[in-house]
Amino acid sequence: MMDIGKRQKWVLVVFHVCVLVLSCSNCTAETPLASDFVVQRERMVREQIEARGIKSPKVLEALRKVERHRFVPKPYRLQAYIDYPLPIGEEQTISQPYIVALMTEALDLDSSSKVLEVGTGSGYQAAVLAEICNSVYTIEIIESLGKKAKALLTQLGYKNVHVKIGDGYKGWKAFSPFDGIIVTCAPTHIPKPLKEQLAEGGKMVIPVGGRQVQELVLLSKEKGRLIQRSIIPVRFVPMLKGNGGTY
Ligand code: SAH
């Protein structure tokens with residue numbers, strides 16, 4: 001027979017073991033290890049990106065490298081690698097990983113390319129571009145988002161990304177022409193300044209259409225002429241004007 005003291009001790013030991021097990025499972029749920037994210041990122045690339053036909057080694061390498069969870073607000077971090085867009089505040093979203101890959105591949109960039117992005121948002125797409133290109137110029141119309149993305153990109157060591165707060169419809173003439181232009185918000189028509197700021201031989205990828213659905217369009221500038229083709233139907237947030245309206 002166990003005496004009362006011994007029994008109490010056992011009860012205490014069992015209690016502590018239970019608390020430990022529970023708190024550990026809880027803590028992995030709330031603060032996953034960096035290695036968990038590495039595993040999730042690899043699965044994202046294999047199951048969402050490669051499986052859907054993205055082949056560019058540069059794009060796949062960039063998606064394997066950039067820590068998407070760093071660009072997602074804390075409450076959504078555990079979902080950072082799922083097959084959906086996620087909220088980033090101010091009614092805006094970080095695009096679905098596959099769409100980021102598809103648009104990046106379509107631009108056919110290399111280490112000498114200079115790229116313009118319209119719609120910095122979280123800064124994730126800019127980081128993916130920065131892994132591939134020489135320099136990235138990105139414009140965000142919502143000041144709080146632009147400032148946050150700029151701080152994060154600096155903290156992560158991206159020296160080749162230049163963030164500007166402003167209206168991307170007008171492009172960024174001072175640094176034009178661009179070898180690639182990527183637009184991650186949707187206007188109803190292709191902005192004329194962006195067509196003009198595209199370099200000869202350059203490519204622009206842009207969602208064009210109404211509120212509910214748009215067509216992802218790829219434009220190539222060849223001998224001064226723009227050749228246009230549609231890629232897939234997509235759904236992006238609208239391109240905003242400075243006065244709160246939309247383009
Ligand atoms: N590329 C982003 C996703 C952006 S969502 C990422 O990787 O997270 C689209 C973004 O476009 C939003 O942040 C929105 O504020 C911005 N935007 C909308 N209209 C704009 C405009 N006229 N100029 C610049 N940015 C604009």
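Trainee: In this predicted model, at what angle do the axes of helix H2 and helix H4 cross?
Mentor: Helix H2 covers residues 34-49 and helix H4 covers residues 97-107. Their axes come within 10 Å of each other. Angles from 65 to 115 degrees count as roughly perpendicular, and H2 and H4 are therefore roughly perpendicular to each other. The crossing angle is roughly 70 degrees.

Trainee: Which residues of H4 meet H2?
Mentor: On the H2 side, the contact is made by Met44, Gln48 and Ile49. The residues of this contact divide into five nonpolar, one polar and no charged. The partners in H4 are Pro97, Tyr98 and Ala101.

Trainee: How many of the residues of H4 are buried?
Mentor: The buried residues of H4 are Pro97, Val100, Ala101, Leu102, Met103, Thr104, Ala106 and Leu107. Pro97 and Ala101 also belong to the contact with H2. H4 is thus described as mostly covered, and its buried count is eight of eleven.

Trainee: Which residue follows H4, and what is the sign of its phi?
Mentor: The residue after H4 has a phi near 55 degrees. The sign is positive, and the residue is Asp108.

Trainee: Which residues with a positive phi, although not glycines, lie in the loop between S1 and S2?
Mentor: One residue of this loop has a phi of about 55 degrees, and with 15 C-beta neighbours inside 10 Å it counts as partly exposed. Another residue of the loop has a phi of about 65 degrees, and with 8 such neighbours it counts as exposed. In that order, the residues are Glu90 and Glu91.

Trainee: Which element gives the most residues to the shell around the ligand?
Mentor: The ligand is surrounded by 24 residues, and the closest are Gly119, Gly121, Ser122, Gln125 and Gly168. Strand S2 (92-94), helix H5 (124-132) and strand S4 (135-140) each supply at least two residues of the shell. The largest contribution is three residues, and it comes from S2.

Trainee: How many residues of the shell around the ligand are charged?
Mentor: The shell has 13 nonpolar residues and nine polar ones. The charged residues in the shell number two.

Trainee: Is Ala126 buried or exposed?
Mentor: Ala126 lies in helix H5. Leaving out residues up to four places away in sequence, Ala126 touches Glu117, Thr120, Val136, Thr138, Leu153 and Val161. A residue is buried if 20 or more other C-beta atoms lie within 10 Å of its own. Because Ala126 has 31 other C-beta atoms within 10 Å, Ala126 is buried.

Trainee: What is the C-alpha to C-alpha distance between Ala126 and Thr138?
Mentor: Thr138 is among the residues that Ala126 touches. The two are twelve residues apart in sequence. In space, their C-alpha atoms are separated by 7.0 Å.

Trainee: How far is Ile132 from Ser111 in space?
Mentor: Ile132 also lies in H5, and it counts as buried because it has 21 C-beta neighbours inside 10 Å. Beyond its neighbours within four places in sequence, Ile132 is in contact with Lys58, Ala62 and Leu109. Ile132 and Ser111 are 21 residues apart in sequence. From C-alpha to C-alpha, the distance is 5.7 Å.

Trainee: Which residues of H6 are buried?
Mentor: H6 comprises residues 143-155 and reaches 18 Å from its first C-alpha to its last, close to the 18 Å expected at 1.5 Å a residue. The cover over its buried residues includes strand S1 (86-89), S2, H5, S4 and strand S5 (161-165). The buried residues are Leu145, Gly146, Lys148, Ala149, Lys150 and Leu153.

Trainee: What phi does Gly157 take?
Mentor: Gly157 comes just after H6. Its phi is positive, at about 90 degrees.

Trainee: Which peptide bond is cis, with omega near 0 degrees?
Mentor: The proline of this bond is found in the loop between S5 and strand S6 (178-183). The bond runs from Ser176 to Pro177.

Trainee: What percentage of the residues in the protein are buried?
Mentor: The protein has seven helices and nine strands. Its length is 247 residues. The buried share of these residues is 37%.

Conventions: Residues numbered from 1 in each chain as written. Predicted model: local features only at pLDDT ≥ 70, side-chain atom pairs only at ≥ 80, totals over all residues. Near = placed C-beta within 6 Å. Helix = DSSP H or I, 4+ residues; strand = E, 2+ residues; numbered from the N terminus. Nonpolar A, V, L, I, M, F, W, Y, C, P; charged D, E, K, R; others polar. Expected span 1.5 Å × (residues − 1). Buried ≥ 20, exposed ≤ 12 C-beta atoms within 10 Å, placed from the backbone. Contact = placed C-beta atoms within 7 Å. Axes fitted to C-alpha atoms, helices over the stretch in contact; angles between N-to-C directions. Parallel < 35°, antiparallel > 145°, perpendicular 65-115°, else oblique.
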